[in-house]
Amino acid sequence: GLESTDQFVTTEVDSSGVTTMHVNATNKASQIFVDLDEGRELKTSEAFSSNAWDLSFKRFEISTNGGAGNPTGVVSVAVLNNVDFDALTTVPDAEFQQDGSERIFSAVEGGWYVYDLSVHRLVVRDHLLYVVRTSAGAYVKVKMLNYYDQQGTPAVISLKYARLPQGGS
């Protein structure tokens, strides 16, 4: 089929430089690759040839470009608990890790969502904030917002992110 640009990923940037991204990961068979440095989707062929992707989405599974998922990737992630998105203005002194046998977004601090049996919905763990060290070596704070779009369609994931200034080292 025809490949259109940004078919599965849309972004909006607000006046303070925070990007809100929507990822349509509804197709159970496909993985959506995202480059946080450029704020765009990478087609699978480009993702693998350039190795510039940072996160990939397949339904509720979020993988990072590094570690077990891709040994040639350099992406690592720190998971912060009860840290406010807006309040974090510098790269945190935290442990950055790569995906192992379990993915960071699924396993660390309980993962990015909890399944609410009473309503049969995935609910974002709102107290978690992720800091991603990207394929380009930048630091980006990432906050998961929702697993559903406004119509309630699952696997249309929204998140917001912003680049953190790098000091010191």
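This report walks through the sheets, the cores and a few single residues of a predicted model.

## The six-strand sheet

Let's start with an open sheet of six strands, which run in the order β1-β2-β12-β11-β10-β7 and pair in the antiparallel sense. At its edges sit β1 (9–13) and β7 (76–81), and each of these pairs on one side only. Ignoring direction, neighbouring strands here are turned by 25 degrees against each other on average. As a bit of background, strands of a sheet pair through backbone hydrogen bonds, either parallel or antiparallel.

Now zoom in on one end of that order. Strand β1 pairs with β2 (residues 19–24) over five bridges, in the antiparallel sense. If you want to find one of the matched pairs, look for Glu12, whose bridge partner in β2 is Thr20. Thr10 is also worth a look, and its place is in strand β1. Leaving out residues up to four places away in sequence, Thr10 touches Thr20, Met21 and His22. Thr10 counts as partly exposed because its relative accessibility is 41%. For a sense of distance, the C-alpha atoms of Thr10 and Asp86 are separated by 22 Å, and these two residues are 76 apart along the chain.

## The four-strand sheet

There is also an open sheet of four strands, again with antiparallel pairing, in the order β4-β3-β5-β6. Its edges are β4 (40–42) and β6 (61–64); each has a single partner strand, so one side of each is left without a neighbour in the sheet. From one strand to the next, the twist averages 35 degrees. Inside this sheet, β3 and β5 (residues 55–58) run antiparallel and are joined by three bridges. One matched pair there is Phe33 with Ser56 in β5.

Asp35 belongs to strand β3 (residues 32–35). Is Asp35 buried or exposed? Asp35 counts as buried, because its relative accessibility is 3%. Apart from neighbours within four places in sequence, Asp35 is in contact with Arg40, Leu42, Ala52, Trp53 and Asp54. The side chain of Asp35 also reaches the backbone nitrogen of Asp37, at 2.9 Å. Asp35 and Ser56 are 21 residues apart along the chain, and their C-alpha atoms are separated by 8.9 Å.

## A hairpin

Next up are β8 (residues 113–116) and β9, which run antiparallel and are joined by four bridges. Together they form a hairpin with four residues between them. Across the pairing, Tyr115 stands opposite Leu122 in β9.

In a regular strand, side chains alternate between the two faces of the sheet. Have a look at β9 (residues 121–124) with that in mind: Leu122 and Val124 make up its covered face, while Arg121 and Val123 are on the uncovered one.

## What's in the cores

Which residues have the most contacts inside the largest nonpolar core? They are Val23, Phe57, Trp112, Tyr130, Val142, Met144 and Leu159, in a core of 30 residues. Strand β11 (residues 139–148) supplies the largest share of this core, with five residues. A second, separate core has ten residues, including Val18, Leu80, Leu129 and Tyr139.

Let's take Met144 as an example of core packing. Setting aside residues up to four places away in sequence, Met144 touches Ile62, Phe105, Trp112, Val124, Tyr130, Ile157, Ser158 and Leu159. Lys143 is found in strand β11. With a relative accessibility of 12%, Lys143 counts as buried, because the cut-off for that is under 20%. Its contacts, with the same kind of sequence neighbours left out, are Phe85, Asp126, His127, Leu128, Leu129, Leu159 and Lys160.

## Some positive phi angles

Most residues other than glycine have a negative phi. Here are some positive ones. In the turn of the β8–β9 hairpin, His120 has a positive phi of about 55 degrees. Glu109 has a phi near 55 degrees, and its place is in the loop between α2 (104–107) and β8. Glu109 counts as partly exposed because its relative accessibility is 41%.

Ala155 has a phi near 65 degrees, again a positive value in a residue other than glycine. Ala155 lies in strand β12 (residues 154–164). Ala155 is buried, with a relative accessible area of 0%.

Terms used
Residues are numbered from 1 along each chain as its sequence is written. This is a predicted model: local features need pLDDT of at least 70, side-chain atom pairs count only at pLDDT 80 or more; totals for chains, interfaces and linings use all residues. Side-chain values use heavy atoms; hydrogens and water are left out. A nonpolar core is a set of buried Ala, Val, Leu, Ile, Met, Phe, Trp, Tyr and Cys residues joined through side-chain atoms within 4.5 Å. Buried means under 20% relative accessible area, exposed over 50%, partly exposed in between (1.4 Å probe, protein chains only). Helices (H or I, at least four residues) and strands (E, at least two) are DSSP runs, numbered from the N terminus. Contact means heavy atoms within 4.5 Å. Two strands pair if DSSP finds at least two bridges between them. Axes are lines fitted to C-alpha atoms, for helices over the stretch in contact, and angles run from 0 to 180 degrees between N-to-C directions. A polar contact is a pair of N or O atoms within 3.5 Å; within protein, one must be able to donate a hydrogen and the other to accept it, and residues adjacent in sequence count only if both atoms are side-chain atoms.
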